[in-house]
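The following exchange is intended for a reader who meets this structure for the first time. Please consult the sequence and the model while reading.

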Amino acid sequence: MQETPQPKFKKSSLTPNTAGSKKRMWKSLKQILTSERNLQWKDAVTYSSINPPPSFRPVKKYSDISGLIAHYTDPQTKLHYHNAEEFHTVRNLPSDLTSGYLALRGATSIVG
């Protein structure tokens, strides 16, 4: 029997039938969480950490009316809006609906 020649661009250590190759051992999620609990790092972000560090990216603002990305904020009502049509809608809303939208967003209610 003749052995097939290995291509020149491949390393012989990467072929599957070499003596030094090991099978890759996969860890389950339970094993990962257990090993992370034993870590001595206090500020490390892990799978089990609930509060990751704050993002450096600015927060995206979404329109209170349509849910699209809001490019503008009405200075009078503090509602976010996407375009001119929504601006007219925002200005024509009664104050109780405006305060309801702000409460849904978690913003403070309007002063005035």
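**Overall architecture**

The protein chain contains 3 helices and 2 strands; helices (H or I, at least four residues) and strands (E, at least two) are DSSP runs, numbered from the N terminus. This is a predicted model, in which local features need pLDDT of at least 70 and side-chain atom pairs count only at pLDDT 80 or more, while totals for chains, interfaces and linings use all residues. Residues are numbered from 1 along each chain as its sequence is written, and side-chain values use heavy atoms, with hydrogens and water left out.

Reader: What pattern does the protein chain follow along the sequence?

Author: The elements to be placed in order are 3 helices and 2 strands. Read along the sequence, they give the pattern α-β-β-α-α.

Reader: What percentage of the residues of the protein chain count as buried?

Author: Buried means under 20% relative accessible area, exposed over 50%, and partly exposed in between (1.4 Å probe, protein chains only). The protein chain has 112 residues, and the part that counts as buried is 13%.

Reader: How much of the area that the protein chain exposes is supplied by carbon and sulfur atoms?

Author: Accessible areas come from the Shrake-Rupley method with a 1.4 Å probe; for residues, only the protein chains shown count as cover. The protein chain exposes about 10600 Å², and the share from carbon and sulfur atoms is 57%.

**Aromatic rings and the nonpolar core**

Reader: Which residues do ring pairs link into a cluster?

Author: Rings of Phe, Tyr and Trp (its six-membered ring) pair if their centres lie within 6.5 Å; planes under 30 degrees apart count as stacked, over 60 as edge-to-face and the rest as tilted. The whole structure holds 2 aromatic pairs. In the stacked pair, Y72 and Y81 are 5.5 Å apart centre to centre with 25° between the planes, and in the tilted pair, Y81 and F87 are 5.1 Å apart with planes at 45°. The cluster linked by ring pairs is therefore Y72, Y81 and F87.

Reader: Is Y81 buried or exposed?

Author: Its ring partners Y72, at 43% relative accessibility, and F87, at 23%, both count as partly exposed. Y81 has a relative accessible area of 11%, which is under the 20% limit, so Y81 is buried.

Reader: Which residues make up the largest nonpolar core?

Author: A nonpolar core is a set of buried Ala, Val, Leu, Ile, Met, Phe, Trp, Tyr and Cys residues joined through side-chain atoms within 4.5 Å. The largest such set has 5 residues: L79, Y81, V90, L93 and L102.

Reader: With which residues is V90 in contact, leaving aside its neighbours within four places in sequence?

Author: Contact means heavy atoms within 4.5 Å. V90 belongs to the largest nonpolar core. Beyond its sequence neighbours, V90 is in contact with I65, D74, T77, L79 and Y81.

**Charged pairs**

Reader: Which parts of the chain are tied together by the pair of D64 and R105?

Author: Side chains of opposite charge can pair when their charged atoms come close. A salt bridge is a side-chain nitrogen of Lys or Arg within 4 Å of a carboxyl oxygen of Asp or Glu, and the closest N and O atoms of D64 and R105 are 3.1 Å apart. D64 is buried at 14% relative accessible area, whereas R105 is partly exposed at 33%. The positions of the two residues are 41 apart in sequence, so the pair ties the loop between α1 and β1 to helix α3 (residues 95-105).

Reader: Where does the salt-bridge partner of R91 lie?

Author: The side chains of R91 and D74 meet in a salt bridge, 2.8 Å from N to O. R91 is in helix α2 (residues 84-92), 17 residues apart from D74. D74 lies in the loop between β1 and β2.

Reader: What is the relative accessible area of D74?

Author: Leaving aside neighbours within four places in sequence, D74 is in contact with L79, Y81, F87, V90 and R91. R91 counts as partly exposed at 37% relative accessibility. D74, by contrast, is buried, and its relative accessible area is 0%.

**Two loop residues**

Reader: Is S63 buried or exposed?

Author: S63 lies in the loop between α1 (29-37) and β1 (72-73). Not counting residues up to four places away in sequence, S63 touches L68, A70, H80, Y81, H82 and E86. At 6% relative accessibility, S63 counts as buried.

Reader: What value is phi of K78 near?

Author: K78 is found in the loop between β1 and β2 (80-81), and K78 is partly exposed with a relative accessible area of 45%. Its phi is positive although the residue is other than glycine, and the value is near 65°.
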